[in-house]
Amino acid sequence: MGNKSHITATINGEARDFLCEPRQSLLEVLRDVLYLTGTKEGCNDGNCGACSVIVDGVLLDACCMLAVETEGSSIETIEGLAKEGELHPLQSAFLEETGMQCGICTPGFLMSAKALLDKNPSPNEQQVRHWLAGNLCRCTGYDKLVRSVMKAADTLAEA
Amino acid sequence: MTQLNVVGKSVVRPDAYDKVTGGKHYPVNYSLPGMLHGKLLRSPYPHAKIVAIDTSEAEKLPGVKAVITHADVPQNVFTPVYFVPAHAKSMVQDFVVMSDRVRWAGQPVAAVAATSADVAEAALQLIDVEYEELQPVFDPEEAMKEGAPQLHDNAPNNIAKAPSFSFGDLEAGFAEADHIFEGVYQTQRVHTCYMEPRVCVVDSETDGRITVHSSMQHGFGLREKMAVALGIPESKVNVVKPTYIGGGFGGKLDVGHIEPVAALLSLETGRPVRIEHTRGEDFIATTRNPIKVYLKTGVKNDGAYTARYIKSILDAGAHATHGAEVIMVHGLYGTFFPWKCPNQTWEGFSVYTNNIIGGGYRGYGAPQGCFAVESQNDEICEKLGLDPIEFRSGNTHKEGDPHPVLQGHTLNSYRLDDCLKKGAERIGFDRRAPANSSEGAKKRGIGFACHPLWVSGCLGFPDIYEHSGATVKLNRDGTADVVSSCIDLGSGQITMLTQVVAEELGLASEAVRVVYADTDTAPFDAPTHASRATYSAGLATKAAAVETRNRLFKAASAVMEANPGDLYLEDGKVLVKGAPDSGVPITEITARAESAFVQMTEEGPRLTTIEEKGTIIGSASQAPPSNPSPVAAQFVEVEVDTDTGEVKVLHVVHAADAGRVFHPKAAEGQVEGGFQQGMGYALMEHLQFDQDTGACLSSDFLDYKIPTSMEMPPKIESIFVESNEPTGPYGAKSMSELCLIIPAAAIANAVYNAIGVRVTELPITPERVLRALGKL
C-alpha cells in the first residue's frame, strides 16, 4: 500500500506531524490517523460539507484534499473552535437555539459558518443561506441553523 | 392541565454540548483494538443465478483474513423488519442474508474482512463470480402480468401481498353521487438521506456470544433479527444502544446485510469487524416505496362523499420486507380511514420487482396516499366551486368520535378544524386568487392539504411490537439516571426522557441523564418509529419515575416519620403536606438510603432504620393505553416560473394538533425538517435507475438533490393548536411524521393554483411543469 509521507502541519494551533499514504484524504487522516473524529464523513465526494474544515483560511471539504497537500499549512477543525473550554459564539448559539438535531452535520456547519463570519462578520440572511448551501442537513430544514448563525454574528459584533 | 415545571419548556438539549464540539458518541466513531474492516461484493446484475464463486485469489491477498459467500451464510428465511417478529404471520418471509439468487443490482454476493478497508476493497476485485443472467422486470404493473419474470416461487404474478378493505355498498354509493372524479397519482422512489451512514462494529467471544454496535433505530429488533439470521439464541447477541445516531427517518428500521455479515466475519476471525456503507451503498440500502394510486370518488353537489374506490400498487422491490407493511399503513391510515366516506373499497398490491428493496421512511405509506387524496380533493373543490376548508371539515372526523380504526377507542383530542382555521388565517387564505390568474411569467399560488388521521405508535396493528420500559435511579448527589432503550435519532428523544423524569422527581432537567443501555441490561423498547417515542416511551419512563418517587417517599417517610401519602416534592426537597418548613433534601434521603445501618458520627454510633435503606430506583415496562391521532393542516405559497418551470416555495404555515407540546423549539424543528424532506419529495428528489441494467443513476448528492438552505423558504411558521390528550404523558401525543406526510400534496395544490394545471406525478420538476403547460 505504498510508502508513507511524513507531514508537518499546524492543527488547531498546535504543531503536529503524521504519516500518511499519498492517496489518503485529509478527512481520512483527521479521523483515522489523528483521531480527530469531530470532522464527519457524509458522502466522501465533496457534496455534503459534513467534513468542512478551514485550511490556511480557506473553507474546504476535507474529503477532497489529499493529506500530503497540507504540509506546512494551518488546519482548523471543530475540535479547535472552543477556546480553553469556552464555546465559540457560534457553538453557544447553536446550543441555545436548538440549532441541531442528529448533529452529524453540525461540525461542518459550524466550521462553514466560522469561515463566513471570518470574512463577513455581519452577513444578512440571504448571504448566510447562500454560504451554507454547501452543507447538507436532513433534520432541521436549516431554519434554526440560519437563525443561530445570525445570532452568533450579533454576539460577535457586540463583543 | 396541571402546572408543569420542565415539560413544555425549550430546555437545552442534553446532547447539544457534545454535538457542537464535534459529537463523539456516534456509532460511526466506534472502534476496537484489532478491528478488521469488511466490504461487500455486490451483483452488477438485477436478476441472476450465481453459478460459481471463486474466492481463492482474494484469500491470498496479504491482509485478507476472511472471505465469505452465500455458501457460508445460514439460509434462514425471515422478515428483517425490526418492529415485528421475524416470522410474523402478517408479514412476508422472503429474506436471507446472502443467497445464490440475485434479485436486484447491488445485492451482496460475497464479503471480505481485512486489516484495512482498502485491502478489503482490493480483495473484492479478486473474487470471480459466474452469473447466469435472468430477465428482470422493473415496473410493478408489468410484473403483475402473466408471463412476467417471477422473482419468488411462492408469489404468483409477483404479488407479495394483496390486502383489501371494504365497507358500505360501493355501487350504490357511486349511483347516489352527483359527480364522479377519477385520477391516477404516481409517487417516486426517494431516500431518507440520513447523514450518518449505516455502520456497524461486531465483536465475538470464543463461546459464540456477539456484541453489536450499529447505527440503527431498534436495538431489540436488531438482536432478534441477528439471532434468527445466524441461527443462534437471542441471549447470545448483545446490542449496545447508540448514545445517538446521525439520523434515521425510518431508513434504519431493518437489519441490513452489514450486521449479520460482520458477525459471521468476526466469528470466523475471532476479531471485531467493522463495516461502513459508502454513500453510494446507502442510496441502494433503503427507500420509500413508490405507489401508484388509482382513485375514484363520488360526491354530492354539496361536497359530501358518497363512494370511493382506491387501488394502490406498491413497488416493493426485490424483497417484501417493509413493503408488506407500508401497503397496509398506506391503505388504513394513508387513504381509507382518514376520511369519512360511507361506501369505500380499497385494494392494495405490494408487488415484487427487480428494483432495490424498500424500507421505512417517515410517514410510511401516508405521503403517497395524502398526495393522491388531497390532490383529488382540490380538484373536486375547484370543479364544484366548494369552499376547500369546509369541504375538508365536512368529510373528516370530530373530537369525541369513535376512533375509526381502533375499536373501543375514542378520538379524545382532535382539533383539525382549528388547524384549518388558524393555518388559513395565518397565511391569508382569503387572498387566494382563482387558479392561473396572476400576470406575467412568474405566477403565484396558494394551496393547502391536511391529513386527518395518523398514529402515536402502533397499538392495534397486527404483530407490531409496542411496549416500552425504563429504569430510573436517584443518585446521592441529587441527580437521576435513566436507562431506556429508546434511541435518539436526532429528533430529541433523550431530551424528552430527561424532561419526563425531571418533571416527576422535581429536578432540573440538567440533573437527569440518559445513560448506557444494551439489550442485556435494559428493558425492551419498540423502535423509535411511527411517531411513538414521546407517547409510548414517555409514558413508560413516567411510570418508572413515579415508582422511583414512591420509593423515595417510602424512605423519606421513615426518615421524616410521616405517612408516604402525605409527602410531596418541591425544589429538590421532600416535604410534608401542610408543613412547608418540613423539607428534607432529596440528596439527604438518598444518601441515607445508600448508607450503612450504623453510622459513625462525631457523637458516636448512630442507628438508622432498616426501612429507609436501599437504592431509590424504579422501573416500568408497559404498553401504551391507546393510539391517539395527531392532525395537521399545512398551507403553502409558491411561485412558479412558467418560462423555466421552476417552483419556488415562498412561505409555509403548518398548524398541528400534537396535544401538549413538550419542547417548542424541538417541535418547530420537526416541522421545519419535515417540510424540507416533503419539499424534496414534491419538487426534486428521485432515486433513478437504469431501466436496462437496474443500476442506480443517482448514487451521490450531486445527482440526488435534496433541498439546501438556498431552496428552503425563508418563512416556515409553526402553529401548535394545543389540546390535552388524556391518555398521553402530560397531554402529549405525536407530531413528527405529519410534517412530511402533507407537504407534497400542499405544494401540488399550490402549484395548481398558480398555473391552473395539475401535475399528478412526483416530483414536480421543471420539466413536468413545462410539459403540463404544453411548452415541451
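Just after helix H14 of chain B, Glu561(B) takes a positive phi of about 50°. The model discussed here is a predicted one, and this backbone turn is a handy place to begin reading it. The helix that precedes Glu561(B) spans residues 533-560 of chain B. Its 28 residues carry the chain 37 Å from the first C-alpha to the last, close to the 40 Å expected at 1.5 Å a residue. H14(B) is also mostly covered, with 22 of its 28 residues buried.

A positive phi turns up ahead of H14(B) as well. Ser531(B), in the loop between strand E20 (512-514) and H14 of chain B, has a phi of about 50° although it is not a glycine. Ser531(B) counts as buried, because 28 C-beta neighbours lie inside 10 Å and the cut-off for burial is 20 or more. Elsewhere in chain B, Cys193(B) is another non-glycine residue with a positive phi, here about 60°. Its place is in the loop that links strand E9 (179-186) to strand E10 (199-204). Cys193(B) is buried too, with 23 other C-beta atoms within 10 Å. A further backbone feature is found at Pro763(B): the peptide bond that joins Leu762(B) to Pro763(B) is cis, with omega near -5°. Pro763(B) sits in the loop between helix H18 (743-755) and helix H19 (766-772) of chain B.

Ile586(B) offers a view of the packing around helix H15 (residues 586-593) of chain B, the helix in which it is found. With 27 other C-beta atoms within 10 Å, Ile586(B) is buried. Leaving aside residues up to four places away in sequence, Ile586(B) touches Leu474(B), Gly478(B), Leu552(B), Gly572(B), Lys573(B) and Val574(B). Gly506(B) is 80 residues away from Ile586(B) along the chain, yet their C-alpha atoms are separated by 9.6 Å.

In chain A, helix H3 (residues 106-119) packs with helix H2 (residues 89-96) at an angle of about 135°, and the two axes are 10 Å apart. H2(A) and H3(A) are therefore oblique to each other, and their crossing is right-handed. Leu90(A), Gln91(A) and Phe94(A) of H2(A) make this contact with Thr106(A), Leu110(A), Ala113(A) and Lys114(A) of H3(A). By class, the residues of the contact divide into 4 nonpolar, 2 polar and 1 charged.

H3(A) also packs with helix H4 (residues 125-132) of chain A, at an angle of about 130° and with axes 10 Å apart. That angle makes H3(A) oblique to H4(A), and the crossing is again right-handed. From H3(A), the contact involves Phe109(A), Ser112(A), Ala113(A) and Leu116(A), while H4(A) supplies Val128(A), Trp131(A) and Leu132(A). This contact holds 6 nonpolar residues, 1 polar residue and no charged ones. Ala113(A) thus appears in the contact with H2(A) and in the contact with H4(A).

Finally, the two chains meet at an interface in which 45 residues of chain B are in contact with 42 residues of chain A. On the side of chain B, the elements that give two or more residues are helix H1 (16-20) and helix H16 (664-683). H16(B) provides the largest share of that side, 7 residues. By class, the side of chain B that touches chain A comprises 20 nonpolar, 15 polar and 10 charged residues.

Note on methods:
Residues are numbered from 1 along each chain as its sequence is written. Chains are lettered from A and ligands numbered from 1 in the order in which they are written. This is a predicted model: local features need pLDDT of at least 70, side-chain atom pairs count only at pLDDT 80 or more; totals for chains, interfaces and linings use all residues. Two residues are in contact if their C-beta atoms, placed from the backbone, lie within 7 Å. Helices (H or I, at least four residues) and strands (E, at least two) are DSSP runs, numbered from the N terminus. Ala, Val, Leu, Ile, Met, Phe, Trp, Tyr, Cys and Pro count as nonpolar, Asp, Glu, Lys and Arg as charged, and the others, Gly among them, as polar. The expected span of a helix is 1.5 Å times one less than its number of residues. A residue is buried if 20 or more other C-beta atoms lie within 10 Å of its own, exposed if 12 or fewer, and partly exposed in between; C-beta atoms are placed from the backbone. Axes are lines fitted to C-alpha atoms, for helices over the stretch in contact, and angles run from 0 to 180 degrees between N-to-C directions. Angles under 35 degrees count as roughly parallel, over 145 as roughly antiparallel, 65 to 115 as roughly perpendicular and the rest as oblique. A crossing is left-handed if the near helix is turned anticlockwise from the far one by less than a right angle, and right-handed if clockwise.
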